[in-house]
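Subject: Structure for your reading

Dear colleague,

Please find below the sequence and the structure that I should like to hand over to you. My findings follow, and I would ask you to keep the structure open while you read them.

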Amino acid sequence: MFDSLKEKLSGFRKDVEETTEEKAEEAEAEEEDTGKETEPVEEPVAEDEADSNESAAEEDSNAESEADVESKTESESEPELETEETNNGGFMQKATSFARGEIVIEEQDVEDPLWELEMALLESDVEMSVAEEMLEGIRNDLVGATRKFSAETGDVVEQALRDSLLSVISVGQFDFDQRVAEADKPLVIIFTGVNGVGKTTSIAKLSKYLEEQGLSSVMANGDTYRAGANEQIEVHADSLDKKLIAHEQGGDPAAVIYDAVEYADAHDIDVVLGDTAGRLHTSEGLMDQLAKIERVVGPDMTLFVDEAVAGQDAVQRAKEFNDAAEIDGTILTKADADSKGGAAISISHVTGKPILFLGTGQGYGDIERFDPETLVERLLGDEDE
């Protein structure tokens with residue numbers, strides 16, 4: 001999962017590490033050379049020559065002092081002093097760090113690796129504004145950082161990558177299990193997204209997931225216009241031994257889901273899982289259906305479903321669906337087949353709503369809670385898969 005992106009992040013870490021290792025080697029060599037230097041030996045000067053030199057030096061000193069007093073003005077001296085202080089500040093930081101056996105990571109040390117990382121992120125379908133925010137965070141963390149000559153730069157870079165990744169993928173996270181457990185029953189969850197991305201299968205997987213949490217569920221087919229939709233979801237309901245509420249093709253989606261809520265209330269069922277027609281944000285009629293479901297049923301959650309492998313398309317659709325009918329979170333299907341990881345990195349940041357689940361296979365049990373920390377561990381190579 002996300003192997004390509006993982007490889008590119010590792011490449012950035014190695015690039016910065018190589019650059020700073022070369023800098024450390026140069027600094028150590030310079031330190032050794034400095035230690036080998038000896039004080040120059042002063043040659044004796046004849047007494048009459050010394051007197052002559054001393055008189056000449058006094059005359060030159062007096063002449064220079066008079067010239068300095070006449071030519072030096074306040075307007076000329078202030079900018080020079082400011083520049084000198086700035087230069088001295090940078091020099092003193094380097095000198096102090098050098099004396100402690102450290103090097104300072106400077107902007108020029110990371111610019112080329114950052115450019116390479118930016119290209120890698122965009123190639124991995126990470127949304128541009130997300131990539132830019134990540135790069136800015138990494139740059140801020142690294143530039144000016146110090147490390148011991150003997151320390152691993154990779155540790156410094158890895159922490160910068162970790163912080164940057166978490167800042168963009170942790171947006172809006174909430175505890176799904178806790179929210180479901182504490183909600184008034186029946187809890188109503190509506191699933192939306194375009195056709196063919198795995199909405200109906202995700203409903204079946206979530207039904208199985210809830211059962212493992214000790215919660216009962218009923219399915220409702222609000223996708224009333226697509227031929228074969230009833231049959232498709234009925235296969236899943238029968239396989240999982242779940243009740244399905246469905247009307248004839250062409251019926252009112254809001255009425256179907258309302259009936260499911262009534263059934264759940266009457267039979268003490270915990271969660272209603274409502275499918276809806278695959279739609280695009282530009283399909284006014286279908287968006288009106290979502291609005292009607294909102295008015296009639298008042299769902300507790302609306303989850304957007306799309307494929308991780310869709311990359312930038314999934315990110316854009318998530319944004320458009322959230323703008324048209326506010327979502328509460330996302331389920332990304334086919335995450336196991338996605339080497340790029342761009343959607344997983346970008347969707348939360350773009351919508352302001354969390355990724356809640358990843359679909360990782362064809363079986364009903366192939367769904368896992370999305371955890372930002374776990375994803376970062378995978379991407380940075382700290383977890384064996």
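I begin with strand β8, which is largely enclosed by the rest of the structure because 5 of its 5 residues are buried. The side chains of this strand are divided between two directions: G329, I331 and T333 point one way, whereas T330 and L332 point the other way, and all are buried. Please bear in mind that this is a predicted model.

Which strand pairs with β8 over 5 bridges? The partner is β7, and the pairing is in the parallel sense. Within this pairing, F304 has T330 of β8 as its bridge partner.

The sheet as a whole

Strands β7 and β8 belong to an open sheet of 8 strands with mixed pairing, in the order β5-β4-β6-β3-β7-β8-β9-β10. The edge strands, β5 (244–245) and β10 (367–369), each pair on one side only. Strand β3 (residues 187–192) also runs parallel to β7 (residues 301–307), and 4 bridges join the two. One point to find on the screen is F191, whose bridge partner in β7 is L303.

Two helices should be viewed together with the sheet. Helix α8 (residues 199–212) packs on the sheet and touches β3, β4, β6, β7, β8, β9 and β10. The direction of α8 makes about 170° with that of β6 (271–276). Helix α10 (residues 253–266) lies across β3, β4, β5 and β6, and runs at about 165° to β4.

Two residues to examine

The first is S207, whose place is in helix α8. Is S207 buried or exposed? Its relative accessibility is 0%, and a residue under 20% is called buried, so S207 counts as buried. Leaving out residues up to four places away in sequence, S207 touches S217, M219, L240, K242 and L273.

The second is T224, which is found in the loop between β4 (217–222) and α9 (229–240). T224 has a relative accessibility of 4% and therefore counts as buried too. A polar atom of the T224 side chain lies 2.7 Å from the backbone oxygen of G251. Apart from its neighbours within four places in sequence, T224 is in contact with E248, Q249, G250, G251, D252, P253 and V256.

A pair of helices

How do helices α5 and α13 lie with respect to each other? Helix α5 (residues 128–142) and helix α13 (residues 342–351) pack at an angle of about 95°, and their axes are 9 Å apart. Angles of 65 to 115 degrees count as roughly perpendicular, and α5 and α13 are therefore roughly perpendicular to each other. On the α5 side, V130, E133 and M134 take part, and they meet I345, S346, H349 and V350 of α13. By class, this contact has 4 nonpolar, 2 polar and 1 charged residues.

The chain overall

Finally, some totals may help you to place these details. The chain contains 14 helices and 10 strands. It has 385 residues, of which 43% count as buried. Among the contacts in the chain with a separation of 6 or more, 79% are between residues 24 or more positions apart.

Yours sincerely,
A colleague

Notes:
Residues numbered from 1 in each chain as written. Predicted model: local features only at pLDDT ≥ 70, side-chain atom pairs only at ≥ 80, totals over all residues. Heavy atoms only, no water. Buried < 20%, exposed > 50% of the residue type's maximum accessible area, 1.4 Å probe, protein only. Polar contact = N/O pair within 3.5 Å; in protein donor to acceptor, adjacent residues only side chain to side chain. Contact = heavy atoms within 4.5 Å. Axes fitted to C-alpha atoms, helices over the stretch in contact; angles between N-to-C directions. Parallel < 35°, antiparallel > 145°, perpendicular 65-115°, else oblique. Nonpolar A, V, L, I, M, F, W, Y, C, P; charged D, E, K, R; others polar. Pairing = 2+ DSSP bridges.
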